[in-house]
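New to this one? Here is a relaxed walk through the model, piece by piece.

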Amino acid sequence: MGDAMTIADTLIKNILADHPLRSRDMDPVPPDSAPLDDLLDPDFFLDGPDIEVFLDRAPDSGEDFPEEPGPWSVLGTYHHMASPGLITLYRRNIEAYWMSLLRHARRQFPFITHQDAERMLRLVTHSVYQHERFHYLCDFSRQLLGGQFDHWHEEGLAVAHEWHWQKGQAWNSDSGRMHPSLRRIVMHTMFNHRGRGYRDWRQYAVLADFHAAVTAYLGSHVSPTLAGTAFNLGAWLVAHGADEGNKGWEERIL
Ligand SMILES: [Zn+2]
């Protein structure tokens, strides 16, 4: 995915600046402190809407979005190439989602540390960013190859892309270093989509099925010559379509 600084990294920095978390790396806990000293204060996440609000979402890829954050569940949008395409991350809503997720997770797992709270924010923000990049990739691919936009179907694929992106992260990534019990709760909640289109991601939870579905969706106009080879168009587009070194999109935080 490259090491370039993206708006996801900028947004994480901005949110953490407003909600300082103690980090063991930067501020060592004294050796005589209590073992649970590093736990997050419950007051930290008192605000934030109920987690249910985020389980049902409207399509976030299209031609027109208001210049305001809109309902809580709109974490990001992708505006089709006009050109360029435009990825927007909504700070207020991502911050609220993080708070809601923390509150929801703490009911089942009360031992959330400051480090894990930060990892959750990173996980959520990068996931939203990857979701929007997938929408860009679909748009970009339609510019090159033709094909029809199907916004509900594309949402299921975009969520599946988040899933496979998460699974491709190393053991020492944000989710890999999170407490396993907490990670299970967070991942389950993040992918517990109920909305039309979004909930269909489970059909593409196996990577080969996901690539086949992307090939079918974006490659319907590909020449029969290419279609007759072993070339996996879906895998290629996912790996190379949203190229940081050769961007057809712009991105911003709103
Ligand atoms: Zn979407």
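What follows goes through the sheet, the cores, a pair of helices and one proline. Keep in mind that this is a predicted model.

**The sheet**

Let's start with the strands. Four of them make an open sheet in the order S1-S2-S3-S4, and the pairing is mixed. At the edges you'll find S1 and S4 (249-253); each has a single partner strand, so one side of each is left without a neighbour in the sheet.

Here is how the strands pair up, one row per pair.

| Strand pair | Direction | Bridges |
|---|---|---|
| S1 and S2 | parallel | two |
| S2 and S3 | antiparallel | four |
| S3 and S4 | parallel | five |

The middle pair is a hairpin: S2 and S3 have five residues between them. S2 covers residues 76-79 and S3 covers residues 85-89. To trace the pairing by eye, look for Gly-76, which stands opposite Leu-89 in S3, and then for His-79, which stands opposite Leu-86 in S3. His-79 also looks the other way, since Gly-62 stands opposite this histidine of S2. Over on the S4 side, Ile-87 has Glu-251 as its bridge partner.

Are the faces of S2 buried or exposed? Both are covered: Gly-76 and Tyr-78 are buried on one side, and Thr-77 and His-79 are buried on the other. S3 is mostly covered as well, with four of its five residues buried.

**The cores**

Now for the nonpolar parts. The largest nonpolar core has 32 residues, and the members that touch the most others are Ile-94, Trp-98, Leu-102, Met-120 and Val-124. Several helices feed into this core: H1, H2 (91-108), H3 (114-145) and H6 (180-190) each supply at least two residues. H2 gives the largest share, eight residues.

Take Val-124 as a way in. Leaving out residues up to four places away in sequence, Val-124 touches Ile-94, Tyr-97, Trp-98 and Leu-101. There is also a second, separate core of 24 residues, and among its members are Ala-158, Val-159, Ala-160 and Leu-218.

**Two helices side by side**

Next up is a helix pair. Two packed helices are described by the angle between their axes and the distance between the axes. For H4 (residues 151-167) and H7 (residues 207-218), the angle is about 145° and the axes are 11 Å apart. Their crossing is left-handed.

Which residues of H4 and H7 meet? From H4 come His-153, Leu-157, Ala-160 and His-164, and from H7 come Leu-207, Phe-210, Ala-213, Val-214 and Tyr-217. Sorted by class, the contact between H4 and H7 has seven nonpolar residues, two polar ones and no charged ones.

**One proline in a loop**

Finally, a stop at Pro-49. This proline sits in the loop between helix H1 (7-18) and strand S1 (61-62). Why does Pro-49 count as partly exposed? Because Pro-49 has 16 C-beta neighbours inside 10 Å, and a residue needs 20 or more to be buried, while 12 or fewer would make it exposed.

Pro-49 and Ser-61 are twelve residues apart in sequence, and their C-alpha atoms are 24 Å apart in space. Setting aside neighbours within four places in sequence, Pro-49 is in contact with Trp-72, Ala-96 and Ser-100. Of these contacts, Ala-96 and Ser-100 carry numbers that fall within H2 (91-108).

Key: Residues are numbered from 1 along each chain as its sequence is written. This is a predicted model: local features need pLDDT of at least 70, side-chain atom pairs count only at pLDDT 80 or more; totals for chains, interfaces and linings use all residues. Two residues are in contact if their C-beta atoms, placed from the backbone, lie within 7 Å. A nonpolar core is a set of buried Ala, Val, Leu, Ile, Met, Phe, Trp, Tyr and Cys residues joined through C-beta atoms within 7 Å. Axes are lines fitted to C-alpha atoms, for helices over the stretch in contact, and angles run from 0 to 180 degrees between N-to-C directions. A crossing is left-handed if the near helix is turned anticlockwise from the far one by less than a right angle, and right-handed if clockwise. Ala, Val, Leu, Ile, Met, Phe, Trp, Tyr, Cys and Pro count as nonpolar, Asp, Glu, Lys and Arg as charged, and the others, Gly among them, as polar. Two strands pair if DSSP finds at least two bridges between them.
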